[in-house]
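Work through the three exercises below with the sequence and the structure open. Each solution goes step by step.

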Amino acid sequence: MINQQLINFNKINSHYFGIALITIFILLENTINILSQDIDTQSYIEEDKKEFNYKRKPWKGNNAFLYDYLHSISYFGNEDKIRYLVPIHFWIYSDKDGNGAASLSDIKKYIDELNYYNKLNKTGFRFYLSNIKEISKTRRKIMGYYIEAPLQGIFRRMSNVINVHIIDNFKLLKNERRVVRASYSYISKSIVMRKVNSTTSLAHEIGHYFGLLHPHRNYNKGKNKQEPVSRTRTKNSRNKIPLCELRGDYLSDTPAEPKLSFLVDNDCKFVGNTITDSWGDNYKSHTNNIMSYPAHYYCRYHFTTGQIAVMLYTSASYNTSKYWSTDYKNNLKFSFDNSEPNDYFEMASNLKSDTVYSLNFHKIFVKKRRIKTDTCDWYKVELKNDTSQTNSQLNIRISVNFNKNNSNNILVDLFDKNRIKLNAIKIKKDNSLTLEYKNLVEDWYYIKVSQIENKKNDIINKYNLLIINN
Ligand SMILES: [Zn+2]
């Protein structure tokens, strides 16, 4: 009897459970519909996708495609335009004593270098810090190159950002002597990088992330796979497609390369001119390409036009790219200042006194619905005495004006180099804060501008900062 009741009870339960499940699905579907309405499906990038097939690599054997693509996005004539603001999430590995493999100033250096080479080559990309996650109490500071590094990239991964793991060193096979500075996994799309690397290491790995291959790819695989030196050589007389677009990195504007490790002198000159390809043509390789492996990494600084096109096209093919696109409707109202990354004391960016700086709290677009906001900026300024004055005491005034009448939500403070907060006379108005400091000595000082995050629309996103030294 009791058993029968239990059975009935279970039946009823499963019946209700079924109804509940269906209800949840209906609710979920509605929620998804509501969410998808929020996504701008007619964005600039979506429009583009109709014309270009982003699923394959259409420039293989047809490099003209890349130039058509650059024309379609009006690249020529607007080479300096920032097209994508790409967030980077750093994973920092430290040992059990909490000794970090990379410091905050190391991370600023990585992003600054990455932005330097992208700006230099007019790639249209600008990168910023999304977040830093420290993985402590781990032995993974030294990471196995072949298995451990790719696996970490799969297990520790944030979506809609580029994941960069910073370790002390790679563990290679016992008899391997090569130096590995960084690696990119095509499966997890993650980068694992040694703390000590070259100034172009991150730009190189992110080149892979955006679809670039090594120009020397298959150089040692014989006549059937090697890229020829000649730009017009085809497989046979019937074939019209040049092999340089089918082999190597598929790009005709990156010359064929042998192994450059021993073929570049200290002045970055290619010294392998006597070496020939499988057809007997002498190599005339460049040594400056960021995707190459020259003997000296200081020789690397260049991306070719073909490479820039591949990166921009590949970026547009990624689902998350519209959140990074500066043309995306929701991003238009936000600007991005050149002082980023400056989220921490250790990352403070340089300012000069008597100059008005136009700055902002930028937005971090990483998810469909949620927009993470940058709420803290650090700056540093070196205060010096006017040489004509004998008085060693300095008085300064810091003025900050905001684009919203919301000074209650904003904090501005000055710190000395030991991070001790200094006392100020503060004058607060609806849309400005003025801080006066007296009797300072010559030194570096740090300014922190932060705001209390709120969900309302009155978040301050732009401000002007002026330091007057008097
Ligand atoms: Zn590489």
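The exercises cover confidence, nonpolar cores and one residue in a helix.

The model is predicted: local features need pLDDT of at least 70, side-chain atom pairs count only at pLDDT 80 or more, and totals for chains, interfaces and linings use all residues. Residues are numbered from 1 along each chain as its sequence is written.

**Exercise 1.** Find where pLDDT (the predictor's confidence in each residue, from 0 to 100) is under 50.

Solution. Start with the chain: its average pLDDT is 83, and 83% of the residues score at least 70. Next, residues 1-15 stay under 50 and have zero contacts (C-beta atoms, placed from the backbone, within 7 Å) beyond four places in sequence. Residues 21-50 are also below 50, but this stretch has 21 contacts beyond near neighbours in sequence.

**Exercise 2.** Describe the largest nonpolar core (buried Ala, Val, Leu, Ile, Met, Phe, Trp, Tyr and Cys residues joined through C-beta atoms within 7 Å).

Solution. The core has 55 residues, and those with the most contacts inside it include Val-86, Ile-88 and Ile-162. Strand β1 (residues 84-93; strands are DSSP E runs of at least two residues, numbered from the N terminus) gives the most, with eight residues. Beyond four places in sequence, Ile-162 contacts Val-86, Ile-88, Ile-191, Ile-206 and Tyr-209.

**Exercise 3.** Why does Gln-152 count as buried?

Solution. Locate Gln-152 in helix α5, residues 148-155 (helices are DSSP H or I runs of at least four residues). Gln-152 counts as buried because it has 24 C-beta neighbours inside 10 Å, the cut-offs being 20 or more for buried, 12 or fewer for exposed, and partly exposed in between. Finally, list its contacts beyond four places in sequence: Gln-152 touches Arg-140, Met-143, His-165 and Val-192.

How values were computed
Two residues are in contact if their C-beta atoms, placed from the backbone, lie within 7 Å. A nonpolar core is a set of buried Ala, Val, Leu, Ile, Met, Phe, Trp, Tyr and Cys residues joined through C-beta atoms within 7 Å.
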